[in-house]
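Student: I am new to this structure and should be grateful for a close look at one part of it. Would you please take me through the cysteine links?

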Amino acid sequence: GICAAGILVVASILALAIPSAHAQKPDPGEIHGLRLGLEASSMTMDGFGELACGSNGGPPRQRLDDWKGFATCRAEASGLHEVYARFDDEDEFIGRAIDDPLYAGARTGTRVAGHPVILSVLFDDDGVLRGLRFISDPRASPIERRMAHLLRLAIINHYDPADWTCTDLVPEPGETPVGGVFLKQHCEKVTPERRMTLDARFLRKPGQSDIDPATGDYTSGQFESSTRFELMDPNYRKP
């Protein structure tokens, strides 16, 4: 259990130790052992507790026994098959068994740089891993959800801050800042190895407010805070 917990923490993408000058730099393409170019037929379930067909950030659909089941998932418009993947949460059960929610909470779930995410793996028709996608989990606690937009900074820094192109989008009618902060940003970066897109939001949507107009009390969770990241094979072409 302790060993598995350590693996979960260490394997979280972006939570990589800063290498010494002589150490080999970690490959930033890895997420919990997943990387572009892997083949579903040779991938194992080590470290993963559940696979299912994905729904683009929504809840999982039909369960899959292993990665080879990707073909049963309906292809997206891109031609890729989305597999939802959840990290093994064995340690959550350990935490419950010893009645220590802090033990469990600090070590479990599908997290990237400490943020709860919904992780998807995208395969082409031949079972080659062509893309990785993660979206901050809207089911997280209000405190964690409020921090979700900060995942964008960890991603940009991890994949080298140089050469990102970011565009700040204008507010739609009724969209307002949260505590004086308004973030609605789209970023892209393309290298020979990766095509990356990043969307982040921190705002109140129309009708959301920090004060309940009926009671005058402060509201909890009435805001949108999110990060969406896709890392794709730049050589992939829809068949």
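Tutor: A disulfide is here a pair of cysteine sulfur atoms within 2.5 Å. On that basis, a search of the whole structure, which is a predicted model, finds two disulfides.

Some context for the chain may help. The protein chain has five helices and ten strands, and 42% of its 239 residues count as buried. Of the contacts in the protein chain between residues at least 6 apart in sequence, 61% join residues at least 24 apart.

One disulfide joins C53 to C73, with an S to S distance of 2.0 Å. Where do C53 and C73 lie? C53 belongs to strand 1 (residues 48-53), while C73 sits in the loop between strand 2 (63-64) and strand 3 (81-87), so the pair ties together parts that are 20 residues apart in sequence. The torsion about the S-S bond of C53 and C73 is about -85°, and the disulfide is therefore left-handed. As for their surroundings, C53 and C73 are both buried.

The other disulfide joins C166 to C187, with the sulfur atoms 2.1 Å apart. C166 is found in strand 7 (residues 165-168) and C187 in strand 8 (residues 183-190), so this pair ties together parts that are 21 residues apart in sequence. The link of C166 and C187 is right-handed, with 115° about the S-S bond.

Are C166 and C187 buried or exposed? The cut-off needed here is that buried means under 20% relative accessible area and exposed means over 50%, with partly exposed in between. C166 has 36% relative accessibility and therefore counts as partly exposed. C187 has 1% relative accessibility, so C187 counts as buried.

The order of the pairing can also be stated. When the bonded cysteines of the protein chain are numbered in sequence order, the pairing reads 1-2, 3-4.

For another kind of link between parts of the chain, one may turn to the aromatic rings. The structure holds six aromatic pairs. One of them is formed by F134 and F229, a tilted pair with 5.2 Å centre to centre and 50° between the planes. F134 lies in strand 6 (residues 129-136) and F229 in strand 10 (residues 224-232), so the pair ties together parts that are 95 residues apart in sequence. F134 and F229 are both buried. Elsewhere, ring pairs link F48, W67, F70, F87 and F123 into a cluster.

Definitions and conventions. Residues numbered from 1 in each chain as written. Predicted model: local features only at pLDDT ≥ 70, side-chain atom pairs only at ≥ 80, totals over all residues. Heavy atoms only, no water. Helix = DSSP H or I, 4+ residues; strand = E, 2+ residues; numbered from the N terminus. Buried < 20%, exposed > 50% of the residue type's maximum accessible area, 1.4 Å probe, protein only. Contact = heavy atoms within 4.5 Å. Phe/Tyr/Trp six-rings, centres within 6.5 Å; stacked < 30°, edge-to-face > 60°.
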